[in-house]
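Hi,

Here's the structure I promised to pass on. Have a look at it first, then read my notes underneath.

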Amino acid sequence: MVLKSLLFFGILLFGISNVTYAQFGFSHEIGAIAGPVAFQSDYGERYDLSTNAGNTGYGIGLIHYLNFSYEAECNCYTPETYFNDHFKLRSELSYNKTELDHFGQWVEGKSSLGKEQLLAMHGTTTVTNIGMQLEFFPWSIRDFTAKIQSWGPFISLGGQFSFYNAKAYSTMGPLGTPLTTFPKYLVPSDGRPYGFSTESGSVWSVVTSVGTRYKLAPLSDLMVDLRLQYYFSNWVDGLSPNPDLYKENKANDWLVWFNVGYIYYLQ
(Lines give C-alpha, C1' and ligand atoms only; values in the text may rest on other atoms or scores of the structure.)
Protein backbone atom coordinates (compact mmCIF):
# COMPACT_ATOMS: atom_id res chain seq x y z
CA MET A 1 0.00 0.00 0.00
CA VAL A 2 2.86 2.36 0.89
CA LEU A 3 4.65 1.59 -2.38
CA LYS A 4 1.49 2.27 -4.40
CA SER A 5 0.98 5.57 -2.58
CA LEU A 6 4.57 6.61 -3.22
CA LEU A 7 4.33 5.69 -6.89
CA PHE A 8 1.21 7.83 -7.21
CA PHE A 9 2.90 10.67 -5.34
CA GLY A 10 6.00 10.39 -7.50
CA ILE A 11 4.03 10.50 -10.74
CA LEU A 12 2.07 13.45 -9.40
CA LEU A 13 5.28 15.22 -8.36
CA PHE A 14 6.92 14.76 -11.75
CA GLY A 15 3.72 15.87 -13.48
CA ILE A 16 3.45 19.01 -11.38
CA SER A 17 7.13 19.73 -12.01
CA ASN A 18 6.61 19.55 -15.77
CA VAL A 19 3.58 21.82 -15.70
CA THR A 20 4.97 24.30 -13.18
CA TYR A 21 8.50 24.72 -14.45
CA ALA A 22 7.63 24.71 -18.13
CA GLN A 23 6.33 28.26 -17.82
CA PHE A 24 9.78 29.41 -16.64
CA GLY A 25 11.50 28.06 -19.76
CA PHE A 26 13.37 25.11 -18.30
CA SER A 27 13.77 21.82 -20.11
CA HIS A 28 13.26 18.36 -18.68
CA GLU A 29 14.98 14.99 -18.66
CA ILE A 30 13.63 11.63 -17.49
CA GLY A 31 15.39 8.35 -16.87
CA ALA A 32 15.72 5.08 -15.01
CA ILE A 33 18.48 3.71 -12.78
CA ALA A 34 19.34 0.26 -11.39
CA GLY A 35 22.23 -1.43 -9.63
CA PRO A 36 23.60 -3.29 -6.59
CA VAL A 37 23.21 -1.97 -3.02
CA ALA A 38 25.54 -2.69 -0.08
CA PHE A 39 23.62 -2.10 3.16
CA GLN A 40 25.71 -1.16 6.22
CA SER A 41 23.80 -2.21 9.33
CA ASP A 42 23.96 -4.05 12.66
CA TYR A 43 24.07 -7.39 10.87
CA GLY A 44 27.61 -8.72 10.73
CA GLU A 45 30.91 -7.24 11.79
CA ARG A 46 31.33 -3.59 10.82
CA TYR A 47 34.08 -2.88 8.25
CA ASP A 48 34.43 -6.60 7.54
CA LEU A 49 34.82 -7.48 3.85
CA SER A 50 32.56 -10.54 4.08
CA THR A 51 29.82 -8.42 5.68
CA ASN A 52 30.07 -5.78 2.97
CA ALA A 53 30.04 -8.42 0.23
CA GLY A 54 27.33 -10.57 1.80
CA ASN A 55 24.75 -7.97 2.83
CA THR A 56 24.01 -6.73 -0.66
CA GLY A 57 20.77 -6.26 -2.56
CA TYR A 58 19.46 -4.25 -5.46
CA GLY A 59 17.95 -0.87 -6.16
CA ILE A 60 15.83 0.59 -8.96
CA GLY A 61 14.51 4.07 -9.55
CA LEU A 62 12.86 6.68 -11.75
CA ILE A 63 14.53 10.09 -12.08
CA HIS A 64 13.59 13.50 -13.43
CA TYR A 65 15.88 16.48 -14.09
CA LEU A 66 15.34 20.19 -14.44
CA ASN A 67 17.88 21.40 -17.00
CA PHE A 68 18.44 25.13 -16.46
CA SER A 69 20.75 25.64 -19.45
CA TYR A 70 18.23 24.88 -22.18
CA GLU A 71 14.71 26.12 -22.97
CA ALA A 72 12.62 23.48 -24.72
CA GLU A 73 9.84 25.85 -25.81
CA CYS A 74 12.08 27.92 -28.06
CA ASN A 75 14.71 25.21 -28.72
CA CYS A 76 17.40 27.60 -27.48
CA TYR A 77 19.80 28.15 -24.62
CA THR A 78 18.75 30.16 -21.56
CA PRO A 79 20.71 33.30 -20.60
CA GLU A 80 24.20 32.14 -19.69
CA THR A 81 24.96 32.15 -15.98
CA TYR A 82 27.28 29.97 -13.90
CA PHE A 83 24.34 28.28 -12.19
CA ASN A 84 22.53 27.50 -15.45
CA ASP A 85 25.65 25.98 -16.98
CA HIS A 86 26.80 23.90 -13.99
CA PHE A 87 23.76 22.73 -11.99
CA LYS A 88 20.74 20.46 -12.48
CA LEU A 89 17.97 19.60 -10.04
CA ARG A 90 17.18 15.90 -9.77
CA SER A 91 13.93 14.42 -8.42
CA GLU A 92 13.82 10.72 -7.68
CA LEU A 93 11.56 7.85 -6.71
CA SER A 94 13.58 4.74 -5.84
CA TYR A 95 13.27 1.34 -4.19
CA ASN A 96 15.87 -1.01 -2.73
CA LYS A 97 15.77 -4.41 -1.05
CA THR A 98 18.50 -6.22 0.88
CA GLU A 99 18.71 -9.65 2.54
CA LEU A 100 20.77 -9.44 5.75
CA ASP A 101 22.89 -12.00 7.61
CA HIS A 102 25.66 -12.06 10.22
CA PHE A 103 29.25 -12.35 8.96
CA GLY A 104 32.71 -11.91 10.47
CA GLN A 105 34.68 -13.25 13.43
CA TRP A 106 31.69 -13.67 15.73
CA VAL A 107 30.24 -16.48 13.58
CA GLU A 108 33.54 -18.10 12.59
CA GLY A 109 35.61 -20.78 14.33
CA LYS A 110 34.53 -23.31 16.94
CA SER A 111 30.78 -23.77 17.26
CA SER A 112 28.90 -22.34 20.26
CA LEU A 113 25.31 -21.45 21.12
CA GLY A 114 25.98 -17.76 20.45
CA LYS A 115 27.46 -18.45 17.02
CA GLU A 116 24.58 -20.76 16.15
CA GLN A 117 22.10 -18.06 17.19
CA LEU A 118 23.80 -15.45 15.01
CA LEU A 119 24.08 -17.79 12.03
CA ALA A 120 20.38 -18.65 12.34
CA MET A 121 19.36 -14.98 12.55
CA HIS A 122 18.33 -13.39 9.27
CA GLY A 123 16.70 -10.19 8.17
CA THR A 124 15.40 -8.27 5.20
CA THR A 125 14.68 -4.61 4.63
CA THR A 126 12.91 -2.86 1.78
CA VAL A 127 13.11 0.90 1.47
CA THR A 128 11.17 3.26 -0.79
CA ASN A 129 12.66 6.76 -1.17
CA ILE A 130 11.43 10.00 -2.66
CA GLY A 131 13.44 13.22 -2.73
CA MET A 132 15.69 15.66 -4.56
CA GLN A 133 19.38 16.27 -5.16
CA LEU A 134 21.24 19.25 -6.59
CA GLU A 135 23.88 18.05 -9.05
CA PHE A 136 27.00 20.09 -9.78
CA PHE A 137 28.84 19.63 -13.10
CA PRO A 138 32.39 21.09 -12.98
CA TRP A 139 32.51 21.14 -16.78
CA SER A 140 30.10 23.13 -18.92
CA ILE A 141 26.69 21.51 -19.38
CA ARG A 142 26.30 23.32 -22.72
CA ASP A 143 29.60 21.92 -24.03
CA PHE A 144 28.65 18.43 -22.91
CA THR A 145 25.21 18.64 -24.55
CA ALA A 146 26.66 19.82 -27.87
CA LYS A 147 29.17 16.98 -28.37
CA ILE A 148 28.38 13.28 -28.92
CA GLN A 149 30.66 10.87 -26.96
CA SER A 150 31.54 13.55 -24.41
CA TRP A 151 31.74 13.06 -20.64
CA GLY A 152 29.96 15.06 -17.95
CA PRO A 153 31.19 14.25 -14.41
CA PHE A 154 29.15 15.47 -11.46
CA ILE A 155 28.75 15.43 -7.68
CA SER A 156 25.46 15.83 -5.83
CA LEU A 157 23.91 16.46 -2.44
CA GLY A 158 20.29 16.19 -1.36
CA GLY A 159 17.71 14.72 0.96
CA GLN A 160 15.09 11.99 0.77
CA PHE A 161 12.09 10.82 2.75
CA SER A 162 12.01 7.04 3.07
CA PHE A 163 9.52 4.35 4.02
CA TYR A 164 11.07 1.10 5.26
CA ASN A 165 9.77 -2.36 6.04
CA ALA A 166 12.19 -4.42 8.15
CA LYS A 167 11.88 -8.06 9.21
CA ALA A 168 14.02 -10.10 11.61
CA TYR A 169 13.65 -13.84 12.17
CA SER A 170 15.54 -16.99 13.16
CA THR A 171 15.56 -20.50 11.76
CA MET A 172 15.94 -21.77 15.35
CA GLY A 173 12.46 -20.53 16.26
CA PRO A 174 10.71 -17.29 17.29
CA LEU A 175 13.10 -14.52 18.34
CA GLY A 176 12.85 -13.17 21.88
CA THR A 177 13.91 -16.22 23.90
CA PRO A 178 17.36 -17.11 25.34
CA LEU A 179 17.40 -20.28 23.24
CA THR A 180 17.03 -18.53 19.88
CA THR A 181 18.35 -15.00 20.40
CA PHE A 182 21.88 -13.71 20.91
CA PRO A 183 22.03 -11.95 24.35
CA LYS A 184 22.60 -8.39 23.09
CA TYR A 185 19.34 -8.53 21.12
CA LEU A 186 17.31 -9.54 24.21
CA VAL A 187 18.01 -6.20 25.93
CA PRO A 188 15.34 -3.44 25.60
CA SER A 189 16.35 -0.66 23.21
CA ASP A 190 14.82 2.73 22.35
CA GLY A 191 11.49 1.91 23.99
CA ARG A 192 11.21 -1.47 22.29
CA PRO A 193 11.21 -4.71 24.30
CA TYR A 194 14.21 -6.11 22.41
CA GLY A 195 17.13 -5.00 20.28
CA PHE A 196 15.37 -6.34 17.19
CA SER A 197 12.06 -5.44 15.59
CA THR A 198 9.87 -6.42 12.69
CA GLU A 199 8.25 -3.13 11.76
CA SER A 200 7.50 -0.52 9.14
CA GLY A 201 8.37 3.13 9.56
CA SER A 202 9.52 6.33 7.92
CA VAL A 203 12.80 8.19 8.15
CA TRP A 204 14.69 11.11 6.60
CA SER A 205 18.02 10.54 4.91
CA VAL A 206 20.79 12.57 3.33
CA VAL A 207 22.21 11.52 -0.04
CA THR A 208 25.48 12.35 -1.73
CA SER A 209 26.93 10.87 -4.89
CA VAL A 210 29.64 11.11 -7.51
CA GLY A 211 29.27 10.01 -11.11
CA THR A 212 29.42 10.89 -14.74
CA ARG A 213 27.27 11.06 -17.85
CA TYR A 214 28.24 9.87 -21.31
CA LYS A 215 26.58 11.51 -24.33
CA LEU A 216 25.11 8.73 -26.52
CA ALA A 217 23.03 10.87 -28.86
CA PRO A 218 21.66 14.42 -28.99
CA LEU A 219 18.72 13.44 -26.75
CA SER A 220 20.09 10.57 -24.65
CA ASP A 221 22.83 9.92 -22.08
CA LEU A 222 24.19 6.99 -20.15
CA MET A 223 24.98 7.60 -16.46
CA VAL A 224 26.97 5.83 -13.75
CA ASP A 225 26.54 6.96 -10.17
CA LEU A 226 28.06 5.88 -6.83
CA ARG A 227 25.83 6.95 -3.94
CA LEU A 228 26.11 7.13 -0.18
CA GLN A 229 22.76 7.35 1.64
CA TYR A 230 22.70 7.94 5.42
CA TYR A 231 19.47 7.30 7.32
CA PHE A 232 18.67 9.22 10.52
CA SER A 233 17.63 6.00 12.26
CA ASN A 234 19.24 2.77 13.43
CA TRP A 235 16.09 0.70 12.91
CA VAL A 236 15.94 0.60 9.10
CA ASP A 237 17.53 -2.88 9.16
CA GLY A 238 15.32 -4.12 12.05
CA LEU A 239 18.22 -4.32 14.55
CA SER A 240 19.39 -1.79 17.13
CA PRO A 241 21.07 -3.20 20.25
CA ASN A 242 20.89 -0.82 23.22
CA PRO A 243 23.40 1.93 22.27
CA ASP A 244 24.20 2.69 25.93
CA LEU A 245 25.51 -0.86 26.39
CA TYR A 246 26.77 -1.77 22.93
CA LYS A 247 28.75 1.18 21.58
CA GLU A 248 29.81 -0.76 18.49
CA ASN A 249 26.21 -0.76 17.27
CA LYS A 250 25.24 2.85 17.97
CA ALA A 251 25.80 4.12 14.40
CA ASN A 252 22.75 4.70 12.22
CA ASP A 253 22.12 2.59 9.13
CA TRP A 254 23.50 3.63 5.74
CA LEU A 255 24.08 2.18 2.32
CA VAL A 256 26.23 2.42 -0.78
CA TRP A 257 24.50 2.10 -4.15
CA PHE A 258 26.26 1.81 -7.50
CA ASN A 259 23.79 2.36 -10.30
CA VAL A 260 23.72 2.62 -14.06
CA GLY A 261 21.08 4.74 -15.73
CA TYR A 262 19.65 5.90 -19.02
CA ILE A 263 18.45 9.50 -19.45
CA TYR A 264 16.26 10.93 -22.21
CA TYR A 265 15.84 14.65 -22.97
CA LEU A 266 12.24 15.80 -23.41
CA GLN A 267 11.44 18.46 -26.00
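Below is what I found, going from one residue to the core and then to a pocket. Keep in mind that this is a predicted model.

Let's start with Asp221, which you'll find in strand 9 (residues 220-231). Is Asp221 buried or exposed? Its relative accessibility is 0%, and buried means under 20%, so Asp221 counts as buried. Its side chain makes a polar contact of 3.0 Å with the side chain of Arg213. If you skip neighbours within four places in sequence, Asp221 also has contacts that include Phe144, Tyr214, Gly261 and Tyr265. Try finding Gln149 as well: Asp221 and Gln149 sit 72 residues apart in sequence, with 9.3 Å between their C-alpha atoms.

Next, the largest nonpolar core. It has 29 residues, and those touching the most other members are Met121, Tyr164, Phe196, Met223, Tyr231 and Val236. Strands 1, 2, 6, 7, 9 and 10 each give two or more residues to this core, and strand 7 provides the largest share, with four. Click on Phe196 and you'll see that, not counting residues up to four places away in sequence, it touches Met121, Leu175, Tyr185 and Trp235, among others.

Last, which residues lie nearest the centre of the largest pocket? They are Gly44, Trp106, Lys184, Glu248 and Asn249, out of 15 that line it. By class, that lining has six nonpolar, four polar and five charged residues. The space in this pocket comes to about 310 Å³.

Cheers

Terms used
Residues are numbered from 1 along each chain as its sequence is written. This is a predicted model: local features need pLDDT of at least 70, side-chain atom pairs count only at pLDDT 80 or more; totals for chains, interfaces and linings use all residues. Side-chain values use heavy atoms; hydrogens and water are left out. Buried means under 20% relative accessible area, exposed over 50%, partly exposed in between (1.4 Å probe, protein chains only). Contact means heavy atoms within 4.5 Å. A polar contact is a pair of N or O atoms within 3.5 Å; within protein, one must be able to donate a hydrogen and the other to accept it, and residues adjacent in sequence count only if both atoms are side-chain atoms. On a 1 Å grid over the protein atoms alone, a cavity is a set of points where a 1.4 Å probe fits but cannot get out, and a pocket is an open set with protein on both sides within 12 Å along at least five of seven lines; lining residues have an atom within 4 Å of a point. Grid points are joined across faces, edges and corners, and a volume is the space filled by probe spheres set on the points. Ala, Val, Leu, Ile, Met, Phe, Trp, Tyr, Cys and Pro count as nonpolar, Asp, Glu, Lys and Arg as charged, and the others, Gly among them, as polar. A nonpolar core is a set of buried Ala, Val, Leu, Ile, Met, Phe, Trp, Tyr and Cys residues joined through side-chain atoms within 4.5 Å.
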